[in-house]
Amino acid sequence: MSAKNTWKLHRWSTILLLPLVAFLFIKIIQLSTLPYQLILSEFNNLWGVGFILIFTVLGLIHMNTGVHEILDDYVHSDVVKRILNIIISIFFLLILIFVCLSLLLIFIG
């Protein structure tokens, strides 16, 4: 991906994440006063699951773009860069799997 496209992707993911983070912050404050069962019921609908998945995917795209930019700037060995890219990709995939499994447990529980 070219530097211009990477910059655009990073900026657009930032712009899209800002309202999601604000909404999530407000929602956490609202949920902090509720009992556990009501919190689960809040996320036991398609909107709650969809919001968390969108937030997670956008956040991972944003983090992935930022981390790869840092690697491009500071790691000069192609072999080390390739190994780190694989490790980072596995880490982000594990985060996505963990979030999906957590949401599945909430949704079916």
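The following questions and answers concern the packing of a predicted model.

Me: On what basis are residues numbered and values computed here?
Reply: Residues are numbered from 1 along each chain as its sequence is written, and side-chain values use heavy atoms, with hydrogens and water left out. As this is a predicted model, local features need pLDDT of at least 70 and side-chain atom pairs count only at pLDDT 80 or more, while totals for chains, interfaces and linings use all residues.

Me: Which helix gives the most residues to the largest nonpolar core?
Reply: A nonpolar core is a set of buried Ala, Val, Leu, Ile, Met, Phe, Trp, Tyr and Cys residues joined through side-chain atoms within 4.5 Å. The largest one has 10 residues, among them Leu17, Phe51, Leu58 and Val99. Helices, which are DSSP runs of H or I with at least four residues, numbered from the N terminus, give two or more residues to this core in the case of H1 (3-31), H3 (46-74) and H4 (78-108). With four residues, the most is given by H3.

Me: Which residues does Leu58 touch, not counting residues up to four places away in sequence?
Reply: Leu58 belongs to the largest nonpolar core, as do Leu17 and Leu20. Counting contact as heavy atoms within 4.5 Å, Leu58 touches Ser13, Leu16, Leu17 and Leu20.

Me: Why is the pair of Phe51 and Phe55 classed as it is?
Reply: Rings of Phe, Tyr and Trp (its six-membered ring) pair if their centres lie within 6.5 Å; planes under 30 degrees apart count as stacked, over 60 as edge-to-face and the rest as tilted. Phe51 and Phe55 both lie in helix H3, four residues apart. Their ring centres are 6.4 Å apart and their planes stand at 20°, so the pair is stacked.

Me: Is Phe92 buried or exposed?
Reply: Buried means under 20% relative accessible area, exposed over 50%, and partly exposed in between (1.4 Å probe, protein chains only). Phe91, at 49%, counts as partly exposed. Phe92 has a relative accessible area of 10%, and therefore is buried.

Me: How is H3 oriented relative to H4, roughly parallel or roughly antiparallel?
Reply: Axes are lines fitted to C-alpha atoms, for helices over the stretch in contact, and angles run from 0 to 180 degrees between N-to-C directions. H3 and H4 pack at about 170°, with axes 11 Å apart. Angles under 35 degrees count as roughly parallel, over 145 as roughly antiparallel, 65 to 115 as roughly perpendicular and the rest as oblique. H3 is therefore, relative to H4, roughly antiparallel.
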